[in-house]
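Here is a protein to get to know from the outside in. Take a moment to turn it around before reading on.

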Amino acid sequence: MKPNKELREKFETDYLDNSDFASNARLLQSIWRVENGYDFEKYGNFLKEEFSKSKGANFLTENIFEIVKTEVKNKHVDGKMIKEPRIWNNLLSSQPLAFNLFGELKLNLQLSTIVFQTLYPYRDIERITAIEFEYSPGRKNPKYTNDSSAFDVFITYENNKNQNGIFGIEVKYSENLKDKAATHKEIYEQISEKSGVFNLTNIQKLKEKPIQQIWRDHLLTLSLFITNNDYSIGDFIYLYPNDNKECETGIQKYQETFNDNVDNYFIPLTIEKLTETIKINCNEKWINDFEDRYLNFSKIEKASR
């Protein structure tokens, strides 16, 4: 249910959103901003640009802030699409969320290993070897998907068979999957056919929103170990909030395009489940702060009293 107009006006978030979840998420971020005593810029879920950039106010720890500064500094060298000032001042953006959820995990690969062993025991993970942000093996490289697709988070690991595996991760928060579909490329169908994952009688559905972007990112994962031998195994994790029904619907429609009884290497995962798995194995303040900021929607009810 969308929060009432009076509450949205109070926290400066009374403008058009494409879903009730997005309205609630925007409001929750503005409530978090007020709790921390931060001023806003134009809208309640935007911090003042210079302040947020200099203080790292959009990030939960100093460690995460340092990671982001390094990524932004090197983005042109690495070809990473990290948009400024959005990364610094937009509280609602899923890109800062990705850093806030995976930044500390990048610095603690032992914890990361335990978390992903717990989530995916069938992948026989021996150890997580690296976590990268906004990663592509080669933008517009015909060896892969010949487009600009990239993973929000990219995890490499070794399994107990001495094989190298990957998790390519797309992170969503308030998105509604209504963006215009990108230009179709023939290589998408080539990877799809070779993978055996898809029933290609559904090819037209795969070319259209709301599932084309999911398909393209999934194909990037498949290209790394099926059409190329960069890794031995891989999975595409689609990470989203439990109450984002647009994401849930997109996932359901996408899964309808798969062939039956084959490993599809596609793993929907809620942010809530990942957060809870981290919390079970970690008592550090940052993960509780993450949950409070992004998932504690009871604050909206409390704020309306």
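What follows is a short walk from the whole fold down to a few single residues.

Keep in mind from the start that this is a predicted model. Looking at the whole chain, you'll find 15 helices and seven strands. How compact is the protein? Its radius of gyration is 19 Å, close to the 19 Å that the globule rule gives for 305 residues, so the protein is as compact as a globular protein of that length. If you'd rather think in terms of a box, the C-alpha trace spans about 55 × 40 × 35 Å along its principal axes.

Now for the inside and the outside. Of the 305 residues, 53% count as buried. Contacts reach across the sequence, too: among those between residues at least 6 apart, 67% join residues at least 24 apart. On the outside, the accessible surface comes to about 14,100 Å², and carbon and sulfur atoms account for 43% of that. As for charge, there are 41 positive and 47 negative side chains, and the centres of the two sets lie 3 Å apart.

Let's zoom in on strand 4, residues 151–159. Is this strand mostly covered or mostly open? Eight of its nine residues are buried, so to speak of it as mostly covered is fair. Strand 4 has partners, and one of them is strand 3 (residues 125–135), which pairs with strand 4 in the antiparallel sense over eight bridges. Here Y135 stands opposite F151 of strand 4. Strand 5 (residues 164–171) also runs antiparallel to strand 4, and six bridges join the two. In that pairing, T156 has I166 in strand 5 as its bridge partner. Strands 4 and 5 form a hairpin with four residues between them, and N162 in the turn has a positive phi of about 60°.

Other residues have a positive phi as well. One is K42, which is not a glycine yet has a phi of about 70°. K42 sits in the loop between strand 1 (40–41) and strand 2 (43–47), and counts as exposed at 64% relative accessibility. Another is E134, with phi near 50°. E134 belongs to strand 3 and is buried, because its relative accessible area is 10%, under the 20% cut-off.

Finally, look for two cis peptide bonds. The bond from E84 to P85 is cis, with omega near 5°, and P85 is in the loop between helix 5 (75–78) and helix 6 (86–89). K209 and P210 are also joined by a cis bond, with omega about 10°; P210 lies in the loop between helix 10 (203–206) and helix 11 (212–225).

Notes:
Residues are numbered from 1 along each chain as its sequence is written. This is a predicted model: local features need pLDDT of at least 70, side-chain atom pairs count only at pLDDT 80 or more; totals for chains, interfaces and linings use all residues. Side-chain values use heavy atoms; hydrogens and water are left out. The radius of gyration is taken over C-alpha atoms; the globule rule is 2.2 Å times the number of residues to the power 0.38. Buried means under 20% relative accessible area, exposed over 50%, partly exposed in between (1.4 Å probe, protein chains only). Contact means heavy atoms within 4.5 Å. Accessible areas come from the Shrake-Rupley method with a 1.4 Å probe; for residues, only the protein chains shown count as cover. Lys and Arg count as positive and Asp and Glu as negative; His and the chain ends are not counted. The place of a charge is taken as NZ of Lys, CZ of Arg, CG of Asp or CD of Glu. Two strands pair if DSSP finds at least two bridges between them.
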